[in-house]
Amino acid sequence: MLPALIKKELLALIRDPHSLAALFLLPVLFIIIMSLALKDYYSPPQRSLAYAVQAQDTGPLSRALARNWERAHGPAQALPADWEQQLREGRLKYVLVLQPGLSQELEEASLPTQPHIRLLAEPGLDGNLLNTLQAELAGTAGELKARAALAQNNAPKPAPDASMLRIVQTERAGSTGPRPSAVQQNVPAWLVFGMFFVVASLAGLVVEERTSGTLARLHSLGVSSSALLASKGLPYLGVNAVQAALMLAVGVWLMPSLGGDALTLAQVNWPALLLALAAISVAAVSMALAIACTVRTHAQAAAVGPILNVLMAAIGGIMVPKFVMPQSMQRLAEWSPMNWGLEALLNVVLRGGDIASTAPQLVRLSLFAALMFGIALALFQRSFQRSPR
């Protein structure tokens, strides 16, 4: 019985070209437009980045550098014991390591010949921003060095040129992954959005079958509510799988041909990526089923689902990357299921994460899917109880 019901749903979907166009073409257009639009400018406000300082040098000039940095970038977080792990996972955006000999280097009149400041960045930090932070660190160190030179009798003031960059060494913590780019952000973001966008098509089909009496007839033949819901959800899991393959292909092959950056998947943990995509898909389809069992008309189906999707995308870091939001909005974003899915994908694609590192997001998505399917089943059964016999 279930295979026949699934075949029926697939045929109904295939006969609706407008829904297919919305499911596949809309996310592709978003990826192309947003990736090209943000190709040359993709950096967040620096003051909002969470960072910590490891002061291996406790000399006066080293402490002064840390104070000057805090005035420009906000207070540093206390250095946690597992700061390297937090840095790899993106909970800390960067760590300044003030190495031994920094104060002495800043006191000398000559320009530096080796680095004494390590700027360790999380793997997903934008490359342009990393370069900007390095230049700011060199400038801050150069200013302190100039003041120290002027305070010494007959000491020449060092020339503020690019040589001060030698004092700063930048690197990404534990990362051999791709350099972050607009494509690395937008492909996962709009992939998640596309998966959740199945709600409009699915809800419309449920309303049509409820209005025509198809659902009531199937139920009267002894088909259980759970089988009916499963027959409607399973085809859309296949739709989401095709969407995911299409979006990834757009990032890998199409974007470079259009002049954008390429999505790099060479070092991705594929089991983690596939599991993350599966969790997102199940959560999206379960939510779509819950909404489909809530609406009663085609107008409601065409409005409620897409509006809810756009709101979740706006809040969850799809339309605007989470790291450019103020802290209050970042906390709000953590309540969006789309953000859970996006963070799971970014963790795998950008940070080289494995299944264990994406477990928090996968658990949230799984619990959300179970809750939505439970709501959908309860509403579905209730609709038959209210129907005239």
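**Exercise 1. Which residue in β2 does Q54 stand opposite?**

Before you start: this is a predicted model, where local features need pLDDT of at least 70, side-chain atom pairs count only at pLDDT 80 or more, and totals for chains, interfaces and linings use all residues. Residues are numbered from 1 along each chain as its sequence is written, and side-chain values use heavy atoms, leaving out hydrogens and water.

*Solution.*
- Step 1: find the elements; helices (H or I, at least four residues) and strands (E, at least two) are DSSP runs, numbered from the N terminus.
- Step 2: go to β2, residues 94-98, which runs parallel to β1 and is joined to it by 5 bridges. Two strands pair if DSSP finds at least two bridges between them.
- Step 3: read across from Q54, and you land on V97.

**Exercise 2. Work out the strand order of the sheet and find what packs on it.**

*Solution.*
- Step 1: the order is β1-β2-β3-β4, in an open sheet of 4 strands with mixed pairing.
- Step 2: β1 (51-55) and β4 (168-172) are the edge strands, each pairing on one side only.
- Step 3: look for the helix. α3 (residues 60-73) packs on the sheet and touches β1, β2 and β3 (117-121); contact here means heavy atoms within 4.5 Å.
- Step 4: check its direction, which makes about 160 degrees with that of β2. Axes are lines fitted to C-alpha atoms, for helices over the stretch in contact, with angles running from 0 to 180 degrees between N-to-C directions.

**Exercise 3. Classify the ring pair Y51 and Y94, and say whether each residue is buried or exposed.**

*Solution.*
- Step 1: recall the cut-offs. Rings of Phe, Tyr and Trp (its six-membered ring) pair if their centres lie within 6.5 Å; planes under 30 degrees apart are stacked, over 60 edge-to-face, the rest tilted.
- Step 2: the ring centres of Y51 and Y94 are 5.0 Å apart and the planes sit at 5 degrees, so call this pair stacked.
- Step 3: place them. Y51 is in β1 and Y94 in β2, 43 residues apart.
- Step 4: buried means under 20% relative accessible area, exposed over 50%, partly exposed in between (1.4 Å probe, protein chains only). Y51 comes out buried at 1%, and Y94 is buried at 0%.

**Exercise 4. Check the span of α10 and locate its bend.**

*Solution.*
- Step 1: the expected span is 1.5 Å times one less than the number of residues.
- Step 2: with 33 residues (225-257), α10 should span 48 Å, and its end C-alpha atoms are 48 Å apart, so the two agree.
- Step 3: the bend is at V250, by about 40 degrees, taken as the angle between axes fitted to the seven residues ending there and the seven starting there.
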